[in-house]
Structures are given as C-alpha cells and as structure tokens.
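Work through the exercises below with the sequence and coordinates at hand. Each task is followed by a stepwise solution.

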Amino acid sequence: MTNAIEITQLNYRKNTKTILTDVNLQLAPGKIVGLLGENGAGKTTLMRLIAGVAKNAKGTIAVHGETREAPRRAFVSFSEALQGFRPADKLSQIRDFYALAYPDFSAKKYLDLITFLQIDDDQKLATLSKGTREKFIIALTLSREAAVYLLDEPFNGIDSMSRKRIISSIIQWKQDSATMVISDHYVSEIAALLDEVVIIKDHTVCAHKSSDQIRSEFGLGIEAFYESIYEGDIHDDEL
Ligand SMILES: Nc1ncnc2c1ncn2[C@@H]1O[C@H](COP(=O)(O)OP(=O)(O)OP(=O)(O)O)[C@@H](O)[C@H]1O
C-alpha cells in the first residue's frame with residue numbers, strides 16, 4: 001500500500017539556521033497522528049513543507065506517491081491562517097474562494113461544519129473573535145475531501161467546552177482512508193484521538209510510535225511518553 005506521506009532524508013535550513021535535519025517519516029493512510037514537540041521544534045515548518053507552502057528543502061516528500069509539488073498540494077488540506085483575505089471579506093466569500101480553488105471542496109460538508117461549529121458565515125472576517133476564527137479555519141480545512149489533513153494547533157483560543165466537542169467528533173469529518181496530522185500542545189486533550197504519535201526533538205523525528213506500542217512497550221500514556229522523551233527519561237536507543 002502506498003504511504004499517505006513518505007519523507008526521505010529531509011533537511012531544511014532557513015536564513016542559515018538549521019530547522020530540520022535528516023527527517024525520515026512514513027505515515028499510512030487512514031491514521032490520526034499527533035505531531036508533538038516543544039515550541040520552535042519545527043512542527044509548523046514540517047507541515048508547511050508537506051503542504052508545499054515552504055519550499056527549497058533537501059530530500060523528498062511524497063504524498064500518496066506524488067513528489068511533484070503542484071499535484072502533491074492537491075492532496076493536502078492545510079489549516080492556513082487565512083492570510084491573503086481582507087478584513088472586510090465575508091466568510092461566505094472566503095467559502096466561495098475555497099470552492100473555486102479546490103475541486104475537492106464539499107459545500108455540504110462546509111454547511112454541516114459551520115452548523116456544528118455554530119458559525120454564521122454572513123459575518124465579516126474582521127468581526128470574528130480569535131476562537132471563532134480558529135473554528136472557521138477548522139471548517140474550511142475539513143470541508144475538503146482531501147487525502148491528507150494537516151491541522152496546526154487547530155484548537156488555539158477555542159474555549160474548553162467547544163474544544164472537547166470538536167475533538168470528540170473530529171474523526172467523523174475525515175474519510176476512513178484519509179490521514180490527519182494534528183499538532184497541539186494540549187497533549188492530554190487529544191491523546192484519545194490519536195492512532196500514532198510523531199515527536200520532533202533536536203531538529204528531527206526522534207520517535208514515531210502507535211498509541212498501542214506506547215502503552216505496550218513503555219507502559220505509558222501518550223503525554224507521559226512525550227514528556228519522558230523530552231526530559232531524557234527515555235533515550236534514543238530505547239526508541
Ligand atoms: N522565516 C523564518 N526564518 C528563520 N527561522 C524561522 C522562520 N520560521 C520559523 N523559523 C524557526 O524555525 C524553528 C521551527 O519553528 P516552527 O514554527 O516550525 O516550530 P513549532 O514546533 O511549530 O513551534 P510552536 O510550537 O511554538 O508553534 C524555530 O526555531 C523558528 O524560530
């Protein structure tokens with residue numbers, strides 16, 4: 001079976017600074033994967049590279065076997081921060097843009113999502129609260145019938161009740177074969193959702209384990225496993 005994402009020997013520097021080194025990663029279709037790491041570890045950068053927003057890395061990135069940038073981008077729905085839209089744009093205009101830009105955009109899914117997230121899309125972008133803006137980004141990202149979803153800290157600024165509601169139902173918004181990568185600092189909140197965990201430390205992927213492996217091999221929950229790696233209680237040779 002072709003991997004949803006296959007990254008080989010990825011190296012990325014920006015303004016002479018090393019950001020990612022020797023990243024190798026294979027993600028199978030259908031998984032929900034937590035991308036974890038401390039501030040500045042490189043999670044956003046890795047997502048931007050997979051999505052083709054950041055360029056000029058060394059190594060290869062394949063999404064469903066496709067390494068060429070334009071067709072690869074078509075497979076990936078990435079939670080971008082609505083840059084490029086004007087404050088006076090109505091959310092429904094942004095929806096229209098997405099519908100035109102992405103052939104896999106589902107108007108039905110969008111309607112279901114904004115209803116679920118209680119978003120009125122007759123509002124202007126400038127009038128949204130931080131949390132509502134984040135919810136709208138989630139709605140747009142998940143409205144595509146994509147093979148790969150990349151959600152970069154999608155719950156930032158969203159109140160805890162809504163967060164719980166979204167996390168517990170997020171699985172229903174992805175097709176069974178789609179792969180979803182989620183970065184989040186509230187590890188315990190998303191842990192139950194995750195099939196696998198990828199941890200970035202020292203500029204590279206230092207661990208990639210299934211939730212079952214973490215339980216059976218280390219006797220730990222995901223958050224404790226993550227903290228043990230960062231605190232040095234689990235060493236590289238044990239991974
Ligand atoms: N445009 C840039 N020029 C130079 N360095 C950059 C640039 N963008 C990001 N970086 C650096 O790349 C590293 C990785 O940043 P990135 O935003 O990917 O981390 P992150 O894991 O997503 O962090 P956080 O959890 O804080 O969001 C950081 O050291 C950051 O300072």
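Two strands pair if DSSP finds at least two bridges between them. The model used here is predicted.

**Exercise 1.** Determine the strand order of the open sheet and state which strands stand at the edges.

Solution.
Step 1. Count bridges: strand E1 (residues 5–14) is joined to E2 by 7 bridges, and the two run antiparallel. Glu6, for instance, has Gln26 in E2 as its bridge partner.
Step 2. Write the order: the open sheet consists of 3 strands, E2-E1-E4, with antiparallel pairing.
Step 3. Find the edges: E2 and strand E4 (58–63) each have a single partner strand, so one side of each lacks a neighbour in the sheet.
Step 4. Add the geometry: from one strand to the next, the twist averages 20°. H1 packs on this sheet and touches E1, E2 and E4, its direction making about 115° with that of E1.

**Exercise 2.** Describe the shell around the ligand by element and by class.

Solution.
Step 1. List residues: the ligand is surrounded by Lys14, Asn15, Lys17, Ile19, Gly37, Asn39, Gly40, Ala41, Gly42, Lys43, Thr44 and Thr45.
Step 2. Assign elements: strand E2 (17–27) and helix H1 (43–51) each supply at least two of the shell residues. H1 gives the largest share, 3 residues.
Step 3. Sort by class: 7 residues are polar, 3 charged and 2 nonpolar.

**Exercise 3.** Which residues have the most contacts inside the largest nonpolar core?

Solution.
Step 1. The core has 63 residues, and Ile50, Val76, Val148 and Leu150 have the most contacts inside it.
Step 2. Take Ile50: leaving out residues up to four places away in sequence, Ile50 touches Ile5, Ile61, Val63, Val76 and Leu150.

Terms used: Residues are numbered from 1 along each chain as its sequence is written. This is a predicted model: local features need pLDDT of at least 70, side-chain atom pairs count only at pLDDT 80 or more; totals for chains, interfaces and linings use all residues. Helices (H or I, at least four residues) and strands (E, at least two) are DSSP runs, numbered from the N terminus. Ala, Val, Leu, Ile, Met, Phe, Trp, Tyr, Cys and Pro count as nonpolar, Asp, Glu, Lys and Arg as charged, and the others, Gly among them, as polar. A nonpolar core is a set of buried Ala, Val, Leu, Ile, Met, Phe, Trp, Tyr and Cys residues joined through C-beta atoms within 7 Å. A residue is buried if 20 or more other C-beta atoms lie within 10 Å of its own, exposed if 12 or fewer, and partly exposed in between; C-beta atoms are placed from the backbone. Two residues are in contact if their C-beta atoms, placed from the backbone, lie within 7 Å. Axes are lines fitted to C-alpha atoms, for helices over the stretch in contact, and angles run from 0 to 180 degrees between N-to-C directions.
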